[in-house]
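This report describes how a ligand is held in a protein model and then turns to the arrangement of a sheet.

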Amino acid sequence: MKIAFFDTHEFEKDFFAEKVKKYQNMQIYFLNVRLTEQTVLMASGCDAVCAFVNDQLNANVLAELKKLNVQLVALRSAGFNNVDLEAAKKNNIRVTRVPEYSPYAVAEHAVALIQTLNRKTHKAYNRVREGNFSLEGLVGFDLHKKTVGLIGTGRIGSAMAKIMLGFGCQVLAHDIQPKEELKAAGVCYVQLEDLLKASDIISLHVPLNPKTKHLLNEESLKLVKPDVMIINTSRGALIDTPALIRALKKKKIGSAGLDVYEEEEGVFFHDFSGQGISDDVLARLLTFPNVMLTSHQGFLTQEALNNIAETTLENIQNFSEGRSQNIVV
Ligand code: NAD
């Protein structure tokens, strides 16, 4: 199997390069570019493409892949919202993913965002390095007894629920498939509206699909508590960003910790420090002192990268031997 590995990053390359040695029949071609309509021809001669969260797998790209005889799109991510699944089916291209590599990595990053915004350690770090030992402006709050609302209690939401229960929080949850195990642990499932109204911290853990797109919007943001903290480590388009900015400007919400952004494609994972940011919405978001943005790094732990490489290559091997595993379509 020849695999065109799009949007390669140094942080993942060694994990794949090491694990692929196990498979005599696999060759990986690492490419630094994202998969788009402009770059798809780089998959020429390959049987599979390996794609990440910001690669474009729309109908045109999939039709081109079909012409190149590519049979498999092996996603090295859990989410698959960037793939036109109907087009993949139509072109008889199989799509696999890594459904679970470390829910802890993402949940723990969500907690890192919460505690950074809350206890302002990013500000404290810079202050003391400049010899400023003042505590003014660094007041946080106890997590103990605060109400945390989790939207989505799948793998990551469940891990998050257990961590927040450990902090002594009251955990509310909303999910179309409530989990008995979490109820027994003390999680209280409620309607979305009730969760929005009651939570001091709201954390998003649902996948992006037509039903969840802009789940937090102008209307739903009117329901939240005035000082609410909003955390999004799932997908950017779960939040209508201009509505979030308006709510931040009106001080309708207290703070926001975002690991994802609706228009992150082509921006996140890249260094623009020498050029400036051309996306005005993103630039505005970054002006708020109570917004913490990270560049889609929730998954970025050694354990997760190791599991991603292992499962992705297993998926490819299974496909080449006619077995089905972790199939999306
Ligand atoms: P999962 O499939 O295990 O859980 C998703 C949960 O959402 C399920 O319990 C499902 O019932 C629920 N759900 C789906 N639609 C819903 C709706 N309309 N209303 C309420 N609940 C709904 O997924 P997961 O592994 O926990 O991952 C969650 C998301 O996290 C992924 O879809 C992905 O977008 C994101 N993610 C982000 C990173 C990162 O690095 N930041 C890494 C991995 C995953």
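The ligand is surrounded by 21 residues, of which the closest are Tyr101, Arg155, Ile156, Asp175 and Thr233, a residue being near if one of its heavy atoms lies within 4 Å. The model is predicted, so that local features need pLDDT of at least 70 and side-chain atom pairs count only at pLDDT 80 or more, while totals for chains, interfaces and linings use all residues. Residues are numbered from 1 along each chain as its sequence is written, and side-chain values use heavy atoms, with hydrogens and water left out.

Polar contacts (pairs of N or O atoms within 3.5 Å) include the following.

| Ligand atom | Protein partner | Distance |
|---|---|---|
| oxygen | Asp175, side-chain N or O | 2.6 Å |
| nitrogen | Ile176, polar backbone atom | 3.4 Å |
| oxygen | Arg235, side-chain N or O | 3.3 Å |

Of the 870 Å² of accessible area that the ligand has on its own, the protein covers 87%, as computed by the Shrake-Rupley method with a 1.4 Å probe.

Seven strands (DSSP E runs of at least two residues, numbered from the N terminus) form an open sheet in the order 8-7-6-9-10-11-12 with parallel pairing, where two strands pair if DSSP finds at least two bridges between them. Because strand 8 (188-189) and strand 12 (291-293) each have a single partner strand, they stand at the edges, and one side of each lacks a neighbour in the sheet. Strand 10 (residues 229-232) runs parallel to strand 11 (residues 255-258), joined by four bridges, and Ile230 stands opposite Ala256 in strand 11.

Key: A polar contact is a pair of N or O atoms within 3.5 Å; within protein, one must be able to donate a hydrogen and the other to accept it, and residues adjacent in sequence count only if both atoms are side-chain atoms.
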